[in-house]
Amino acid sequence: MKTIDLHVHSSASDGSCTPEEIVRLAAETGLAAVAITDHDTVEGYAGAAALGKELGVEVVPGIEISTRYTGAVHILGYFIDPRSPALQEVLDWIVQDRDARNREMAARMAADGLPVSYEQMQRRFGAVVGRPHFARVLVELGQAENIQDAFDRYVEKGRKYYIGRHFLPIERSIELIRLAGGLPVLAHPFQYRLDDAQLRALIEHCLESGLRGMECRYTGYGAEQTAYLSALAKEYGLLPTGGSDFHGATKPWIRLGRGLGSLEVPYAWLEGLKEAAGHGSI
Ligand code: AMP
Ligand code: FE
Ligand code: FE
Ligand code: ZN
């Protein structure tokens, strides 16, 4: 069966592999397609798409936006137009908000005597700097064993260097993705600790704004969970999607296209998305 991975982070956000490295890895793994779904940026798409053409890996433009509902909920967008002015405007706002938060985090670390310069981090990590980058720097400075340890001790909510940021309302994120010509998809539905009634309420709320799909296969989701989500997607007329949430060395236990080992996302699910996005199947 032709398999794909529709949830991948590159070094344009908090992944450790460049977009090109991801496409190379996808080709080596035998994946037919990957979607680059960086947090808050579409910068990774062009390079990945160019190499994808060469290596015979389909590359789907995507994004992942952290949004505000009753708690944090992540919305994925597929086949967005990376040049959409509406999208760019909001992404710029998100990056500015991140910058303000990041400066404060760096200042807290500097106040503890750590040699952390946010300007240097920006030069090194690019436009979308997040807590995983701070975690990486803390590891390099010998303050933590690994990224997970750095999160647990320093940058997880409630820890010493944690500072929150602002999130778009969930409706606004869904509408924005549609405005950019994309398909809004509810990411990793089990991450929000909702029971069946609460998850249904979330889906119904998102449907009002134009949600089109739901991530049914995801790293760590077992057969029963996948079956439950697929049934729910079908019931609500949502397209099923799936992906690993690969971040490279930022989350070293996750493998591209394979998750913890058994993830398998069928190519047919991409065909469903393409049809809905008006790309037809080729
Ligand atoms: P930020 O948006 O900058 O606040 O960072 C959030 C990102 O940090 C998420 O998208 C995850 O990729 C990552 N993250 C959150 N918690 C952890 C954790 N415990 N271990 C590793 N990465 C994490
Ligand atoms: Fe991430
Ligand atoms: Fe996510
Ligand atoms: Zn993700």
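Let's start with Leu270: setting aside neighbours within four places in sequence, this leucine is in contact with Ile4, Leu6, Ala33, Glu58, Val60 and Phe79. Before I go on, a reminder that we are looking at a predicted model.

So what does Leu270 belong to? Together with Tyr78 and Leu186, Leu270 has the most contacts inside the largest nonpolar core, a set of 51 residues. Two domains feed this core, with at least three residues each from domain 1 (3–83 + 167–277) and domain 2 (90–155). There is also a second, separate core of 21 residues, and among its members are Phe125, Phe151, Tyr154 and Ile163.

One of the partners of Leu270 deserves a moment, and that is Phe79. Phe79 is in the loop between β4 and α3 (85–111), and its phi is positive, about 60°, although Phe79 is not a glycine. Is Phe79 buried or exposed? Phe79 is buried, with a relative accessible area of 10%. Please compare Arg193, which is in the loop between β6 and α8. Arg193 also has a positive phi, near 55°, and is a residue other than glycine. Here, though, the relative accessible area is 79%, so Arg193 is exposed.

Now to the metals, which I know many of you came for. Which residues hold the iron ion that is ligand 3? Its protein donors are Glu64 through OE, His74 through ND1 and His188 through NE2, at 2.0 to 2.3 Å. Along the chain, those donor residues have the spacing E-x9-H-x113-H. His74 belongs to strand β4 (residues 72–78), while His188 is in the loop between β6 (183–186) and α8 (196–209), so this pair links parts of the chain 114 residues apart. Both histidines are buried: His74 has a relative accessible area of 16%, and His188 has 1%. Glu64 has a further role in the geometry, as it bridges the iron ion (ligand 3) and the zinc ion (ligand 4), with 3.4 Å between the two metals.

The other iron ion is ligand 2, and it lies 5.0 Å from the zinc ion (ligand 4). For this iron ion (ligand 2), the protein donors are Asp14 (OD), His39 (NE2) and His247 (NE2), at 2.1 to 2.2 Å. Their spacing in sequence reads D-x24-H-x207-H. Asp14 sits in the loop between β1 (3–8) and α1 (19–29), and His247 in the loop between β8 (239–243) and β9 (265–266), so the pair ties together parts 233 residues apart in sequence. Asp14 and His247 are buried too.

Asp14 turns up again at ligand 1. Of the 13 residues around ligand 1, those that come nearest are Asp14, Arg98, Arg101, Arg131 and Arg165. A polar side-chain atom of Arg98 is 2.9 Å from an oxygen atom of ligand 1, and for Arg165 that distance to an oxygen atom is 3.0 Å. Lys251 joins in as well, with a side-chain N or O atom 3.3 Å from an oxygen atom of ligand 1.

My last stop is Leu168, in strand β5 (residues 168–169). With 7% relative accessibility, Leu168 is buried. Its C-alpha atom is 5.8 Å from that of Arg68, even though the two residues are 100 residues apart along the chain. Not counting residues up to four places away in sequence, Leu168 touches several others, including Ile65, Arg68, Val90, Trp93 and Leu176.

Thanks, everyone, and I'm happy to take questions.

Note on methods: Residues are numbered from 1 along each chain as its sequence is written. Chains are lettered from A and ligands numbered from 1 in the order in which they are written. This is a predicted model: local features need pLDDT of at least 70, side-chain atom pairs count only at pLDDT 80 or more; totals for chains, interfaces and linings use all residues. Side-chain values use heavy atoms; hydrogens and water are left out. A nonpolar core is a set of buried Ala, Val, Leu, Ile, Met, Phe, Trp, Tyr and Cys residues joined through side-chain atoms within 4.5 Å. Buried means under 20% relative accessible area, exposed over 50%, partly exposed in between (1.4 Å probe, protein chains only). Domain bounds come from an automatic or database domain assignment. Contact means heavy atoms within 4.5 Å. Donors are N, O and S atoms within 2.8 Å of the metal (3.2 Å for Na, K and Ca); water is not among the atoms, so sites may look incomplete. Helices (H or I, at least four residues) and strands (E, at least two) are DSSP runs, numbered from the N terminus. A residue is near a molecule or strand if one of its heavy atoms lies within 4 Å of it. A polar contact is a pair of N or O atoms within 3.5 Å; within protein, one must be able to donate a hydrogen and the other to accept it, and residues adjacent in sequence count only if both atoms are side-chain atoms.
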